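Please open the model in your viewer and keep the sequence panel beside it, so that each selection can be followed from one stop to the next.

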Amino acid sequence: MTAKRAFDEGWKPVVSPIFRIEPIAWGAPPVEDYDALLVTSANAVRQSGKAVGRYATIPAYAVGDATARALKAAGFTDIRTGRGDAVMMLDAAAENGVARALHLAGEDYRDVGHDAITIDRRIVYRSAAIERFGDKALAALREGGGAVLLHSSRAAEHFAALCDGAKISRRQVRIAALAPAVLAAAGPGWRGSIAAAKPDDAALLAAAARLCQ
């Protein structure tokens with residue numbers, strides 16, 4: 001979805017994943033045990049298989065727009081969409097009376113809890129690091145144009161390591177990060193760097209545009 005939005009805004013996106021998403025087998029507990037479903041990644045919906053559909057009868061809290069779209073595609077109708085922050089999502093769920101929730105997550109989930117909510121967390125996928133850039137990405141980085149969009153701290157750390165390993169000078173690469181913590185994870189020395197004003201794709205692309213002016 002980020003690439004489509006970028007294309008629609010006049011960019012020429014180069015899509016080159018640096019992680020391979022792999023499902024993990026999980027046991028789907030009874031829906032009656034929970035007041036709500038919590039999802040902090042669109043991949044958690046996509047990789048959880050048909051079993052996720054059994055929770056479409058309870059409210060689903062999505063951390064952001066991309067996760068909400070994945071839930072909608074999976075048949076959910078009662079979707080409460082947050083603004084990209086897991087803590088704020090949990091606060092909203094607690095205000096709505098949620099006391100017991102099922103959290104579908106990836107292996108590298110951010111460990112966030114809430115005093116008012118008992119959370120049962122099930123790991124449904126992993127992100128396996130890819131050890132080299134694709135040819136198109138490598139060529140684009142060596143040309144030094146545009147900006148690299150970074151969506152997570154783990155992605156930022158791995159991207160920086162891949163650049164260093166491929167002997168790509170950070171001084172020729174611009175990076176735009178979804179949040180300040182993501183930017184910090186990439187480390188110093190880039191040609192230009194910026195964090196989005198808020199954690200969504202529109203703000204991220206706007207930040208990238210400012211960086212490339």
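A salt bridge is counted here when a side-chain nitrogen of Lys or Arg lies within 4 Å of a carboxyl oxygen of Asp or Glu. With that cut-off in mind, and remembering that this is a predicted model, select R20 and E22, whose side chains meet in a salt bridge at 3.0 Å, N to O. Both residues are partly exposed, E22 with a relative accessible area of 23% and R20 at 44%. Now add E107 and R126 to the selection, since salt bridges that share partners join R20, E22, E107 and R126 into one network. In the whole structure, a search finds 11 salt bridges.

Next, select D35 and R100, another salt bridge, in which the closest N and O atoms are 3.7 Å apart. This pair links distant parts of the chain, for D35 sits in the loop between β1 (19-23) and β2 while R100 belongs to strand β5, 65 residues apart. D35 is partly exposed at 27% relative accessible area, and R100 is partly exposed at 38%. For a further pair, select R132 and D135, where the closest N and O atoms of the salt bridge are 3.5 Å apart; here R132 and D135 are both exposed.

From R100, extend the selection along strand β5, residues 100-106. Six of its seven residues are buried, so β5 is largely enclosed by the rest of the structure. Which strands pair with β5? Strand β2 runs parallel to β5 and is joined to it by four bridges, with V39 standing opposite L104. Strand β6 (residues 118-129) also runs parallel to β5, joined by seven bridges, and there A101 stands opposite I119.

Now turn to helix α3, residues 65-73, and colour its buried residues, which are T67, A68, A70 and L71. Seen down the axis of α3, these buried residues fall within an arc of 160°, so they line one face of the helix. That face packs against β2 (36-39), α2 (42-47), β3 (60-62) and β4 (79-81). Rotating to the other side of α3 brings K72 and A73 into view, and these are exposed. Just after the helix, select G75, which takes a positive phi of about 100°.

The next stop is strand β8, residues 174-177, where R174 and A176 point one way and I175 and A177 the other, and all are buried. In a regular strand the side chains alternate between the two faces of the sheet. Strand β7 (residues 148-150) pairs with β8 in the parallel sense over three bridges, and L150 has A177 as its bridge partner. Follow the chain from β7 through helix α6 (residues 153-165) to β8, and you trace a right-handed β-α-β crossover. Strand β9 (residues 192-195) runs parallel to β8 as well, joined by four bridges, and S193 in β9 is the bridge partner of I175. Between these strands, include helix α7 (residues 180-186), because β8, α7 and β9 make a right-handed β-α-β unit.

Finally, select C163 and C212. How many disulfides does a search of the whole structure find? The search finds zero, and for C163 the reason is distance, because its sulfur is 15 Å from the closest cysteine sulfur, in C212, too far for a bond. Compare their surroundings before leaving: C163 counts as buried at 1% relative accessibility, whereas C212 is partly exposed, with a relative accessible area of 26%.

Methods. Residues are numbered from 1 along each chain as its sequence is written. This is a predicted model: local features need pLDDT of at least 70, side-chain atom pairs count only at pLDDT 80 or more; totals for chains, interfaces and linings use all residues. Side-chain values use heavy atoms; hydrogens and water are left out. A disulfide is a pair of cysteine sulfur atoms within 2.5 Å. Buried means under 20% relative accessible area, exposed over 50%, partly exposed in between (1.4 Å probe, protein chains only). Helices (H or I, at least four residues) and strands (E, at least two) are DSSP runs, numbered from the N terminus. The arc is that of the directions from the helix axis to the C-beta atoms. Contact means heavy atoms within 4.5 Å. Two strands pair if DSSP finds at least two bridges between them. A crossover is right-handed if, with the strands pointing away from the viewer, the path from the first strand over the helix to the second runs clockwise.
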